[in-house]
Amino acid sequence: MINLKFILNGKEVTVETEPSIRLLDLLRDKFNLTGTKEGCGVGECGACTVLMNGKAVNSCLILAAQIEGNEIVTIEGITNGNELHPIQKKFLKYGAVQCGFCSPAMVLSAFALLKENPNPTEEEIKDAIAGNLCRCTGYKQIIEAINESAKELTSH
Amino acid sequence: MKKEFSVVGKPIIREDGFDKITGRAKFADDYKFDGMLHAVMLRIPETHAKINSINYSEVENDQAVNSIITFADIPGAKKVGMIKNDQPIFCDEVIVTPGDVLAMLVGEDVARLRLALSKIKVKYTPLQTLTDPRKSLEPDAILIHPELGSNLIIHHPLRKGNIEKGFAESDHILEQTYTTQLIEHAYIEPEAVIAIPLGQNGIKIIGSIQNPFSARRIIAAVVNLPLDKVQVIQAQLGGSFGGKDDTMCILSARAAVAAIKVNRPVKIRYTREESILESYKRHPYILNYKVGFKNNGKIKAMKIDILADGGAYCSMSPFVTWRSVVQATGPYEIENVHTDVRAVYTNNPYTGAMRGFGSPQPIFANESLMDEIALQLGIDPVEVRKINGLKAGSITATGQKLQNHDVNLLTVLDTAAKETDFQNKWKKYKKDKSIIQKYDFTKPVFNDSQFIEPDQLIKKGIGLAASYRGCSLGAEGIDAAACYLSIQNDGSVYLLSGLAENGQGLRTTFSIIVAEELGITTDNIFYLETDTSRVPDSGPTVASRATLMGGGAVKNAAEILRGRLEELIRAEWKLKNSDEIIFHDNKILTTDNRQLTTYKDLCKLATNRGVNLATIGWYKSPNVDWNEHTGQGDAYFTYVYGCQVAEVSVNLGTGEVYLDKITAVHDPGTVINKLGAEGQIYGGVTQGAGYGILEEATTENGLIRELNFDQYLILTAKDIGEIKPIFVEGKEIYGPWGAKSLGEPTLELTAAAISNAVSNALGKRFFSLPLNLEEVLLGKKLRPVEVKRGSLQ
């Protein structure tokens with residue numbers, strides 16, 4: 001067992017854990033942050049996407065021990081109480097959510113993209129979510145929602 | 001006078017959207033309970049084997065193992081099925097396909113349980129396997145289920161007119177064989193379920209279950225409890241597409257058996273590999289079509305022979321192939337039709353329901369054939385379809401006269417062709433030759449100008465496909481749905497349908513229907529948790545029947561309550577029975593726009609007057625009929641029509657097909673939920689495109705090679721171009737305000753349209769899905785060789 005100290009959704013946390021478990025399991029089992037989903041366990045579907053130091057990563061491919069001293073943001077850290085982030089609002093407005101299993105991860109990938117590139121082209125949006133599989137939506141409304149989010153976030 | 005809709009057809013934010021977008025929505029694996037244990041499956045790496053003995057001695061005292069759950073622990077039915085009870089919960093004597101499960105270990109830690117699995121000693125004798133469905137009915141074929149006496153799951157014959165006479169009267173005869181592949185639903189959420197024992201009160205199940213009532217029926221049979229002691233609650237469902245039905249019924253039953261035995265909650269959660277290994281797939285079809293037609297393009301006769309690989313279990317094969325037999329000619333009026341559709345057992349992964357349900361396969365065949373007829377006669381694809389297309393009053397292959405609905409085939413065809421400038425593009429692309437197609441590879445290259453630039457490798461093509469599709473279950477079975485609706489004294493509303501949200505947005509659609517009827521907004525409506533103990537069995541959420549049937553029941557419930565409120569208004573405000581009352585914008589108005597009261601005050605008044613503001617709504621389909629010997633009858637009570645046009649660029653160097661644009665024209669009657677309907681088209685087209693160019697689960701002696709998304713590829717955001725949805729709305733008599741079906745029609749056409757587009761680009765035809773790189777370049781599928789490295793064989 002090891003003790004880990006890291007920043008989770010803006011708060012410093014410490015946790016005792018086996019070093020071999022995945023970040024995904026740590027978040028879901030120890031912190032009950034179940035907005036992070038497991039779809040494949042091999043880094044292909046992207047449903048377990050979280051932000052690590054601002055970058056979108058697959059939490060199924062990161063061992064818990066690797067996050068010592070790092071900053072992790074999950075979907076639960078994107079929402080401010082009941083106030084949705086503008087990206088989340090656009091996802092709802094443009095119908096970008098169907099079954100919703102990939103949605104938290106999509107929002108985080110979009111969040112990481114817009115942080116780094118506030119005015120992405122459609123191709124850049126597609127690149128940013130190419131690691132997030134969605135079987136329901138055909139991605140169209142997701143791309144539209146991210147595009148509209150970019151417009152709104154840059155207009156302020 | 002047509003009333004303007006307030007909510008119907010408007011972009012309404014999903015009822016479950018907030019929870020889903022914040023990660024608060026609870027999917028099955030997100031539930032945890034005190035004392036909850038986990039279960040893992042025991043399998044053997046074989047396709048077909050006799051189990052001689054299972055020795056658990058090394059795990060019996062293992063601290064990680066709380067309990068071993070076997071065949072002997074099942075209190076009730078040992079074998080189950082949607083149609084035929086041929087699928088064991090646990091296999092005790094034989095396994096017939098690699099996904100089969102022998103037993104389960106239950107304990108606290110999944111990792112330790114998996115270690116324990118490897119200590120169980122299973123002695124078995126491998127048996128001969130049958131993996132080629134073409135050999136299933138041969139006299140010397142091994143029997144997958146010897147007790148059934150045959151590998152034939154079902155045979156649907158259809159006979160209309162005189163097929164020999166039809167061919168005799170034809171000027172041309174064309175015969176082709178097409179094949180389609182095994183594919184995976186690829187819902188992003190793997191299967192998960194928790195069974196919670198309730199002692200005297202039976203068992204409660206929470207799971208990623210597409211059809212809670214089907215699951216309840218099977219769990220009740222397996223644990224030998226009456227239906228009212230089996231409560232099935234649907235967690236948020238992370239995609240299904242027809243796929244979380246049989247598998248989830250069986251997983252739920254296994255969890256229930258274990259939970260009752262250990263008297264603690266038991267969770268089963270599949271990895272992606274287990275999910276792909278054990279869950280059922282889309283049927284691969286082998287389709288033989290012989291068509292006779294006149295010089296003027298009129299089809300005189302069509303003889304169709306279809307073989308579906310049902311895999312190891314019956315599942316939904318009889319119904320899947322029944323839809324195929326009804327729709328196999330495509331949306332064309334043909335005098336003489338002779339169709340045989342058979343589904344057979346093999347040792348392959350079993351096949352069952354998947355969005356489209358027996359339609360994408362014949363559509364690929366018949367729509368390829370229509371283009372071939374056009375080419376042979378020198379007419380264009382639109383023309384040949386117009387000559388033969390179904391119109392109002394046409395007689396279908398099953399002898400059904402098309403009436404009581406808008407027969408929109410020619411409308412959707414014309415709309416799609418006009419929107420895409422189809423005929424001009426089709427002729428141009430057909431004539432265009434890429435430099436590489438004119439290239440003489442025998443001559444040496446002398447100078448730079450002879451090099452081929454990368455963009456010269458791209459060749460464009462356009463293709464279309466059209467279909468008609470029977471709505472809802474048709475002659476498959478009883479077709480009725482229920483809805484519970486209860487208005488509170490402050491005007492807020494509880495709503496619950498007997499149909500289940502699959503992610504498509506059914507709750508939102510149903511909320512819109514109630515809001516429209518009562519003149520309120522959807523945020524006044526609280527959609528209750530889907531629970532078999534709270535609402536009547538409404539059949540399964542399948543066959544694109546939710547809006548039509550479930551929506552019909554919701555509208556019925558809302559009309560009943562509105563009727564009671566209107567009766568009260570007439571009494572209170574002394575109105576005549578003929579006076580129309582308007583419920584609009586939370587107000588109750590007369591036709592001369594006089595406000596009588598607010599909706600809220602009316603609900604309060606109704607409560608004070610003792611009016612019953614709760615009800616069960618009901619919607620039952622009109623009758624259909626079917627003769628199983630002749631394949632004749634009124635198969636479905638209404639139909640929808642669709643046409644999709646695919647515009648592609650083909651890379652002649654790599655065989656890659658780029659999907660530039662798909663135009664999807666559909667006639668769902670009335671669009672209730674605009675965002676949801678558009679989402680159905682985007683998603684359905686994208687799935688259909690994956691079926692067309694990419695997806696295939698290949699098997700080696702029945703075992704799937706592609707067990708995760710690193711090998712089983714579905715389309716990403718970068719793989720699909722523009723999608724243009726177009727709705728041809730009409731006035732229909734069935735469903736809420738005439739809303740019919742959309743979910744499956746959106747998927748069934750895309751692969752066929754793409755194949756026709758690639759053919760238009762390359763001037764050669766394709767007979768085998770998917771059109772992956774090697775199919776496009778070489779005209780065949782490349783498979784790993786059977787001979788292993790180092791082998792002498």
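**Exercise 1. The sheet of chain A**

How many bridges join strand 1 (residues 2-8) of chain A to strand 2 of chain A, and do they run parallel or antiparallel? Determine also where strand 2 stands in the sheet.

*Solution.* The model is predicted; local features need pLDDT of at least 70, side-chain atom pairs count only at pLDDT 80 or more, and totals for chains, interfaces and linings use all residues. Residues are numbered from 1 along each chain as its sequence is written, while chains are lettered from A and ligands numbered from 1 in the order in which they are written.

Step 1. Helices (H or I, at least four residues) and strands (E, at least two) are DSSP runs, numbered from the N terminus. Two strands pair if DSSP finds at least two bridges between them.

Step 2. Strand 1 and strand 2 of chain A run antiparallel and are joined by seven bridges. Within this pairing, A:Phe6 has A:Val13 of strand 2 as its bridge partner.

Step 3. The open sheet has five strands in the order 2-1-5-3-4 (chain A), and its pairing is mixed. Strand 2 (11-17) and strand 4 (55-58) of chain A each have a single partner strand and stand at the edges, so one side of each lacks a neighbour in the sheet. On average, neighbouring strands of this sheet are turned by 40 degrees against each other, direction ignored.

Step 4. Helix 3 (residues 103-116) of chain A packs on the sheet and touches strand 3 (49-52) and strand 4 of chain A. The direction of helix 3 makes about 35 degrees with that of strand 3. Such axes are lines fitted to C-alpha atoms, for helices over the stretch in contact, with angles running from 0 to 180 degrees between N-to-C directions. Contact requires that the C-beta atoms of two residues, placed from the backbone, lie within 7 Å.

Step 5. The buried residues of helix 1 (residues 23-30) of chain A are A:Leu23, A:Leu24, A:Leu26, A:Leu27 and A:Arg28. A residue is buried if 20 or more other C-beta atoms lie within 10 Å of its own, exposed if 12 or fewer, and partly exposed in between. These buried residues of helix 1 pack against strand 2 and strand 3 of chain A.

**Exercise 2. The side of chain A that touches chain B**

Which helix of chain A gives the most to the side that touches chain B?

*Solution.* Step 1. In chain A, 41 residues are in contact with 44 residues of chain B.

Step 2. At least two residues of this side come from each of helix 2 (86-93), helix 3, helix 4 (122-129) and helix 5 (140-155) of chain A. Helix 2 gives the most, with four residues.

Step 3. By residue class, this side of chain A comprises 21 nonpolar, 13 polar and seven charged residues. Here Ala, Val, Leu, Ile, Met, Phe, Trp, Tyr, Cys and Pro count as nonpolar, Asp, Glu, Lys and Arg as charged, and the others, Gly among them, as polar.

**Exercise 3. The core and helix 18 of chain B**

Which helix supplies the largest share of the largest nonpolar core, and why is helix 18 of chain B described as largely enclosed?

*Solution.* Step 1. A nonpolar core is a set of buried Ala, Val, Leu, Ile, Met, Phe, Trp, Tyr and Cys residues joined through C-beta atoms within 7 Å. The largest has 293 residues, and those with the most contacts inside it include B:Ala195, B:Ala256 and B:Ile754.

Step 2. Helix 6 (residues 246-262) of chain B supplies the largest share of this core, eleven residues. Neighbours within four places in sequence aside, the contacts of B:Ala256 include B:Ala195, B:Ile203 and B:Val222.

Step 3. Helix 18 (residues 750-762) of chain B reaches 18 Å from its first C-alpha to its last, close to the expected 18 Å; the expected span is 1.5 Å times one less than the number of residues.

Step 4. Of the 13 residues of helix 18, twelve are buried, so this helix is largely enclosed by the rest of the structure. B:Ile754 is among these buried residues. Just after helix 18, B:Gly763 takes a positive phi of about 70 degrees.

**Exercise 4. Two residues of chain B**

Are B:Glu748 and B:Gln488 buried or partly exposed?

*Solution.* Step 1. B:Glu748, found in helix 17 (residues 745-748) of chain B, has 28 C-beta neighbours inside 10 Å and therefore counts as buried. The C-alpha atoms of B:Glu748 and B:Pro360 are 4.4 Å apart, although 388 residues separate the two in sequence.

Step 2. B:Gln488 lies in the loop between strand 19 (480-487) and strand 20 (493-497) of chain B. With 15 C-beta neighbours inside 10 Å, B:Gln488 counts as partly exposed.
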